[in-house]
Amino acid sequence: MATLEKIDIGIVGGSGFYNMEELTDRREVEVETPYGKPSDSFLVGRLGGKTVAFLARHNRKHHILPTELNFRANIYAFKQLGARYLISASAVGSLKEAYAPTHFVFPDQFIDRTRHRVDTFFGEGIVAHVSLAEPICTYLQKTLYNAAREIGVNTHLGGTYVNMEGPQFSTRAESFMYRSWDADVIGMTNLQEAKLAREAEIPYATIAMVTDYDCWHEEEEHVTVDMVVKILRQNAEAAAATIAKAVTLIDLDHVNPIHEALKFSILTQAENVPAERKQALAAIIGKYMDTDS
Ligand SMILES: CSC[C@H]1O[C@H](OP(=O)(O)O)[C@H](O)[C@@H]1O
Ligand SMILES: Nc1ncnc2[nH]cnc12
């Protein structure tokens, strides 16, 4: 495999977020992974004194459903590129009156309502269990939140993101149920990324951009794609500015325990791991076991 250039920070852009004009020295980089192809080629460039790689989660043509996303290839590709941090920008529905369309929420918890997703790198001969009690990197979350506040966006620090399967939006009964659970926002993509990023020891946080009130609100229209796209267009500049500022603020030397999340998590002894699994996981487990033998 060709040697990949090294980046500092990865950015995953969701619905309505397909490009980052702010990058200088831009080039497109194709990345192959043992898990197949990522959603798109990576846009690599400089931003705020750092090297970053941007990936359009659903592809720039937006032709990949949430259920069809190859989350493992996307996250593994960021690992191969050397990402020290991973920022997600995503559209979400609001489950709380106070979280209005155009507001940015910085979630710290998730509830899994998916049924058809592969969300671990492990298995088939190697067992690991990482902690997910705190699925979001607090350091990155607060950096993003501070950046958005400085830009003047309406912001909310913390919150629970319900990750539904989709692609259909929720029924009203489901929307009411999530509200009764005191959840804050709903989307279809972030939890699998957070889980895999943790296994890959990449601190992850998300800018959840509120586009609608889902379908629980009595005075607001039920969510439609039109509604989501309209709000995302209004938000595009603020999202890009938030990321640009946050990238400048991130201290790559900050001591972050997530960079060692796997240290005590792998149960299978190296001699019992099949050689092909060692190779497929080399970018992640290489620092804990010899993956050439
Ligand atoms: C276009 S509405 C539903 C769609 O939007 C969100 O995408 P992303 O998280 O990639 O911004 C949501 O998760 C759904 O995939
Ligand atoms: N109401 C909603 N449900 C799921 N995903 C969404 N993305 C944006 N709005 C959403």
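## Where ligand 1 sits

The space taken by ligand 1 is the largest pocket. Here a pocket is an open set of points on a 1 Å grid over the protein atoms alone, where a 1.4 Å probe fits, with protein on both sides within 12 Å along at least five of seven lines; a molecule sits in one if more than half of its atoms lie within 2 Å of its grid points.

A quick word on the ground rules: this is a predicted model, where local features need pLDDT of at least 70, side-chain atom pairs count only at pLDDT 80 or more, and totals for chains, interfaces and linings use all residues. Residues are numbered from 1 along each chain as its sequence is written, chains are lettered from A and ligands numbered from 1 in the order in which they are written, and side-chain values use heavy atoms, with hydrogens and water left out.

## What surrounds ligand 1

The shell around ligand 1 (residues with a heavy atom within 4 Å) includes G14, S15, R57, H58 and P66. Further along the sequence, S90, A91, F169, G187, M188, T189 and V228 are also part of it. By type, that shell divides into five nonpolar residues, six polar and one charged. Nonpolar covers Ala, Val, Leu, Ile, Met, Phe, Trp, Tyr, Cys and Pro, charged covers Asp, Glu, Lys and Arg, and the others, Gly among them, are polar.

Now for the polar contacts (pairs of N or O atoms within 3.5 Å). The side chain of S15 has an N or O atom 2.8 Å from an oxygen of ligand 1, and a polar side-chain atom of R57 is 2.8 Å from a ligand oxygen. M188 uses its backbone instead, with a polar atom 2.7 Å from an oxygen of ligand 1. On its own ligand 1 exposes 390 Å², and the protein buries 91% of that (areas by the Shrake-Rupley method with a 1.4 Å probe).

## What surrounds ligand 2

The space that ligand 2 takes is the largest pocket, too. Among its neighbours are A91, V92, G93, M164, F169 and I186, along with G187, M188, T211, D212, D214 and V223. They split into seven nonpolar, three polar and two charged residues.

Strands (DSSP runs of E, at least two residues, numbered from the N terminus) matter here: β5 (85–94), β10 (185–187) and β11 (204–212) each supply at least two shell residues. β5 gives the most, with three.

## Contacts to ligand 2

Nitrogen is the ligand's side of these contacts. A polar side-chain atom of D212 comes to 2.6 Å from a nitrogen of ligand 2, while polar backbone atoms of G93 and A91 lie 3.2 Å and 3.4 Å from a ligand nitrogen. Ligand 2 has 260 Å² of accessible area by itself, of which the protein covers 95%.

Methods:
Polar contact = N/O pair within 3.5 Å; in protein donor to acceptor, adjacent residues only side chain to side chain. 1 Å grid on protein atoms, 1.4 Å probe; cavity = no way out; pocket = protein on both sides within 12 Å on 5 of 7 lines; lining within 4 Å. Helix = DSSP H or I, 4+ residues; strand = E, 2+ residues; numbered from the N terminus.
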